[in-house]
Amino acid sequence: EKKNEQYDAEIMASVKKIIPYYEHVIGKAAKAPRGRAWLLTWNPANWTWDNYEEWCVDTKNGNTHEIAWRCASKQPEVGDEVFLIKTGAKPRGIMANGHVSTEAYEAPHYDPDKAAEGEISNHIDVEFDWIQNYENEPMLMQDDLKEKYPQQQWSPMGSGIKIKEPIWTMVKEEWQKLID
């Protein structure tokens with residue numbers, strides 16, 4: 001009942017959906033890092049990330065998701081790499097990767113009570129390319145990172161510290177192996 005044009009359109013739509021996955025598999029996304037990298041933190045006890053589990057699945061299907069994230073530093077630039085480390089209760093480790101999509105800006109604090117009191121904090125928008133579910137998927141564990149790279153702070157007091165070179169490059173390679 002369908003015409004060739006309809007079949008062609010359906011096939012092309014499907015191909016567009018799977019291209020990001022194949023680019024990931026062949027390592028197109030694993031080009032040499034440029035710019036800088038930042039370590040953001042997330043403690044689920046302090047802030048509920050409502051669509052976190054949905055985004056974990058969705059990023060593995062080649063989709064990206066953008067979100068405003070608290071960042072102590074005003075230095076991140078658009079295109080800089082971001083790694084997100086889960087803190088708080090175990091397990092603790094790097095569980096997501098993405099890129100800075102806006103320059104730093106001030107916005108109300110993520111805690112509604114603090115925001116109601118007028119507290120503001122620095123933020124950046126982050127486009128996450130890949131998010132692991134810390135409850136059932138592997139992460140780059142914080143204790144392992146502390147042992148391998150003791151010159152880097154892996155338990156920052158605030159979200160948004162720079163990851164030193166050449167540590168960033170090595171962490172990027174480990175991350176790529178983990179998600180491959």
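**Helix α5**

I began with helix α5 and noted its buried residues (buried being under 20% relative accessible area, exposed over 50%, partly exposed in between, with a 1.4 Å probe and protein chains only): Ile167, Trp168, Val171, Lys172, Glu174, Trp175, Gln176 and Ile179. The helix covers residues 167-179, and its 13 residues reach 18 Å from the first C-alpha to the last, close to the 18 Å expected at 1.5 Å a residue, where the expected span is 1.5 Å times one less than the number of residues. For the list of buried positions I keep in mind that an α-helix has 3.6 residues a turn, so residues three or four places apart point the same way. Just before this helix, Glu165 and Pro166 are joined by a cis peptide bond with omega of about 5°, and Pro166 sits in the loop between β8 and α5.

**Ground rules**

I am reading a predicted model, in which local features need pLDDT of at least 70 and side-chain atom pairs count only at pLDDT 80 or more, while totals for chains, interfaces and linings use all residues. Residues are numbered from 1 along each chain as its sequence is written, and side-chain values use heavy atoms, with hydrogens and water left out.

**Overall layout**

I counted five helices and eight strands, taken as DSSP runs numbered from the N terminus (helices H or I with at least four residues, strands E with at least two). Their order from the N terminus is α-β-α-β-β-β-β-α-β-β-α-β-α. The C-alpha trace spans about 60 × 40 × 30 Å along its principal axes, and 38% of the 180 residues count as buried. Of the contacts (heavy atoms within 4.5 Å) with a separation of 6 or more, 72% are between residues 24 or more positions apart.

**Nonpolar cores**

I next looked up the largest nonpolar core (a set of buried Ala, Val, Leu, Ile, Met, Phe, Trp, Tyr and Cys residues joined through side-chain atoms within 4.5 Å), which has 21 residues, with Trp49, Trp69, Phe128 and Ile131 making the most contacts inside it. At least two residues of this core come from each of β1 (37-42), α2 (52-59), β2 (65-70), β3 (81-86), β4 (93-100) and β6 (120-131), and the largest share, four residues, is from β6. Another core of 16 residues lies apart from it, and includes Ala37, Phe83, Leu145 and Tyr149. As background, in soluble globular proteins nonpolar side chains tend to be buried together.

**Ile131 and Lys60**

Beyond its neighbours within four places in sequence, Ile131 is in contact with Trp49, Tyr52, Trp55, Cys56, Thr59, Lys60, Met95, Ala96 and Glu137. I followed Lys60, which is in the loop between α2 and β2; its C-alpha is 7.8 Å from that of Ile131, although the two are 71 residues apart along the chain. The side chains of Lys60 and Glu137 make a polar contact of 3.2 Å, meaning a pair of N or O atoms within 3.5 Å, where within protein one must be able to donate a hydrogen and the other to accept it, and residues adjacent in sequence count only if both atoms are side-chain atoms.

**Arg36 and Ile163**

Is Arg36 buried or exposed? I record Arg36 as buried, because its relative accessible area is 18%. It lies in the loop between α1 (4-25) and β1, and its side chain is joined to that of Asp80 by a polar contact of 3.3 Å. Leaving out residues up to four places away in sequence, Arg36 touches Gln75, Pro76, Glu77, Asp80, Glu81, Lys162 and Trp168.

Ile163, in strand β8 (residues 161-163), counts as buried because its relative accessibility is 2%. With the same exclusion of residues up to four places away, Ile163 touches Ala37, Trp38, Leu39, Phe83, Gln152 and Trp168.

**Gln142 and the second cis bond**

Gln142 is in helix α4 (residues 142-148) and counts as buried because its relative accessibility is 4%. Outside its neighbours within four places in sequence, Gln142 is in contact with Ile85, Arg92, Gly93, Trp154 and Ser155. I also noted a cis peptide bond between Lys90 and Pro91, with omega of about 5°, and placed Pro91 in the loop between β3 and β4.
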